[in-house]
Amino acid sequence: MPTPLHRRRGVATLTAAMLASGTAMVAITSLSSAAVSAPAADCAEPFPVASLQDGDLVTGKTVSRGVTPDDFTGEVLGVLDNGIAPGLDMIIMDLDSQAIQDAGGIWAGMSGSPVYAEDGRLIGAVAYGLSWGSSPIAGVTPFEEMDNYLGSSGARPARHASVNREMAKRIAGSSEVSRAQAEQGFDQLDMATGVSGIGASRLAKLSHSMRSYFPKRAYAAGRASAASAGADDVVAGGNLAASFSFGDITFAGVGTATSVCDGEVVGFGHPFNFVGRTSMSLHPASAIYVQPESLGAPFKVANIGAPVGTIDEDRLSGISGFFGATPPGAEITSNVTYADRFRVGTTTVTVPDAEAMIAFYQQIANHDRVLDAISKGSEDQHWTIQGTHKGVPFTLERGDRFTSAYDISFAASYELSDIVYLLSKVPDVDLTAIEIDSALEDDTATYRVVGNEQRAKGAWTKVNQRNPARVKAGKTLRLRTVLRGSDGTIVRVPYTFKVPKRAIGQRGYIYVEGGNSQYSDEYFYDFEGATTFDDVVSMVNDSLRNDGVRAVFDTSGGPRGGGAIECRGCRGGNKVVHTEVTLGPVDRVVDGFKRLKVIIG
């Protein structure tokens, strides 16, 4: 009996990750949601930007370790008019604390840290740092904008804000930053998108240009020590995390909560992915430490806990959400078996646009855990997608076989993810569950289509372009395709075509193609424009398995039976004969293509 790999329940046992689209580095502590109550509220009153004066003293809160916020101090250097977006100013401050000094400046993961005026009103949230590198100089998003729960400004936020010579001179005069460095402007504090459960070497092989559903950049890190955090820890200045998915694969970002009030929270001070209305899950987190970085911004390393609510807005001035109910999600389950090992892994995805990416990561992570190597091999795979279209339940199923002489984990993971991506682009489709069963073996032998034989006069005869098949109109053309294995094995697969009487006097072709020759990146992108549910269903049902063979009989003269022209002058009328049969599946993937001429008498 296969041996299950050890999997603790209720506590993550997978790799931590650094985030991509703007956060800290995270490790996963707990993955199951629980009933929660809202943490202590601060319900801060906003301080108007118009009332700020250069030199005003400020205080703030943030977490550099654990869950308890520490204080920092600072001074207002000035205001960049329209520094974040038209009508949205950026407040420039010089901040200080022992933690900031130890890190060499403000850090990724500090986004959202609240900054208060001397009268206790909330000025805004730390959200931007100087472009040139680590520095205590911060760009602050006004809380009077965040207090609107991230109003619906349609402007795309600028990740970079320019600094004029006067402001650069003021920054240089109040800090160790030179005027030239200050003139490089401000950038949104990094919130790199992170993926737990999949290693950095794997992520490096994926690119947004190869598959548009992959993030443009993502980072992974080793697992950190477990640390607990609950809803009560999400307070002003405390850690705040938002995730697209949690489970085996947690795709998330850690920043800071700016304010909590009436069961709601706002944080970050800048967008996560700027998608507007969203359905991310809300998590507490516990910081392990802040990593100094001499060549770039320091960053926070943290564990995130179980989801305690929903992030439903991702706007210009930050994210917001509520405590309690967590968003519904599609559950992706991967069951991988290899020799005497097996493992079942599960991830819940709450953001539909992330389902294709997470489906791919879930498969890779579980394959790597079971195979424990980048390995060649073959895989017999079956998957099921369940969901609704316009409220009507549907189920899509497909089985296929994959073979790779280098990395079977990657080779077997694209096809399903491509289908999920296409479904995510169809209006009114909501996925509820994806299940993948994968049985792996070391054998990498394949077949190739090498020829055809015809049954005539009681014997099988080799037929090809020079020695065409011949058949009388109205009779059955009996053939078999010849497959040669990479190990020398020969397999013959029979098939027949009924030739109509009207085809008398015509010339035709039979095109035989192995399924593994059909699917490719180009084939996928041919379908990327599929806009209807029926288009995607047809693709799933009509696509040839990699271990199948398709034979097409055509009298149009078009390439591979693709032509749909009339056969003018042919006896029996101008109608084209075009029919096809699918053979197999056989016990290996099949490559290759052969064309056979047919003469109809």
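Two strands are said to pair when DSSP finds at least two bridges between them. With that in mind, a convenient way into this predicted model is strand β10, where V140 is the bridge partner of V126. This contact belongs to a set of five bridges that join strand β9 (residues 122-130) to β10, the two strands running antiparallel. Strand β7 (residues 88-96) also pairs with β10 in the antiparallel sense, here over four bridges. Within that second pairing, I92 has G139 of β10 as its bridge partner.

How much of β10 is buried? Six of the six residues of this strand (residues 137-142) are buried, so the strand is largely enclosed by the rest of the structure. The burial applies to both faces of β10: I137, G139 and T141 are buried on one side, and A138, V140 and P142 are buried on the other.

It helps to step back at this point and look at the protein as a whole. The chain has 601 residues, of which 56% count as buried. The protein contains 10 helices and 37 strands. Among contacts between residues at least 6 apart in sequence, 73% join residues at least 24 apart.

Confidence in the prediction varies along the chain. The mean pLDDT of the protein is 81, and 76% of the residues reach 70 or more. Over residues 558-574 the pLDDT is below 50, and this stretch has 32 contacts in the model beyond near neighbours in sequence. Residues 6-23 also have a pLDDT that stays under 50; for these residues the model has 90 contacts beyond four places in sequence.

Attention can now turn to the nonpolar cores. The largest of them has 58 residues, and the members that touch the most others are I358, Y361, I385, L423 and L431. Helix α6 (residues 355-371) supplies the largest share of this core, with eight residues. Another core lies apart from it and has 26 residues, including A469, A473, L477 and F553.

An open sheet of five strands comes next, with the order β30-β37-β33-β34-β35 and mixed pairing. Which strands lie at its edges? These are β30 (469-471) and β35 (578-583), each of which pairs on one side only. Neighbouring strands of the sheet are turned against each other by 20 degrees on average, direction ignored. Inside this sheet, strand β33 (residues 507-514) and strand β37 (residues 593-600) are joined by seven bridges and run antiparallel. One of the residues involved is Y511, whose bridge partner in β37 is R595.

The loop that follows β35 has a feature of its own. P585 lies in the loop between β35 and β36 (590-591), and the peptide bond from G584 to P585 is cis, with omega near 10 degrees. Most residues other than glycine have a negative phi, and most peptide bonds are trans.

Two residues elsewhere carry a positive phi without being glycine. C43 has a phi near 40 degrees and is found in the loop between β4 (25-28) and β5 (57-62). The relative accessibility of C43 is 38%, so this residue counts as partly exposed. N82 has a positive phi of about 55 degrees, but this residue lies in a strand, β6 (residues 70-85). With a relative accessibility of 46%, N82 also counts as partly exposed.

Side-chain contacts can be followed around E313, a residue of strand β21 (residues 309-315). Is E313 buried or exposed? Its relative accessibility is 12%, and because the limit for burial is under 20%, E313 counts as buried. The side chain of E313 makes a polar contact of 2.8 Å with that of R277. A polar contact of 2.6 Å joins the side chain of E313 to that of R315.

A last site is V344, which has its place in strand β24 (residues 341-349). V344 has a relative accessibility of 29% and therefore counts as partly exposed. The C-alpha atoms of V344 and T333 are separated by 6.9 Å, while the two residues are 11 residues apart along the chain.

Methods. Residues numbered from 1 in each chain as written. Predicted model: local features only at pLDDT ≥ 70, side-chain atom pairs only at ≥ 80, totals over all residues. Heavy atoms only, no water. pLDDT = per-residue confidence, 0-100. Contact = heavy atoms within 4.5 Å. Buried < 20%, exposed > 50% of the residue type's maximum accessible area, 1.4 Å probe, protein only. Core = buried A, V, L, I, M, F, W, Y, C linked by side-chain atoms within 4.5 Å. Polar contact = N/O pair within 3.5 Å; in protein donor to acceptor, adjacent residues only side chain to side chain. Axes fitted to C-alpha atoms, helices over the stretch in contact; angles between N-to-C directions.
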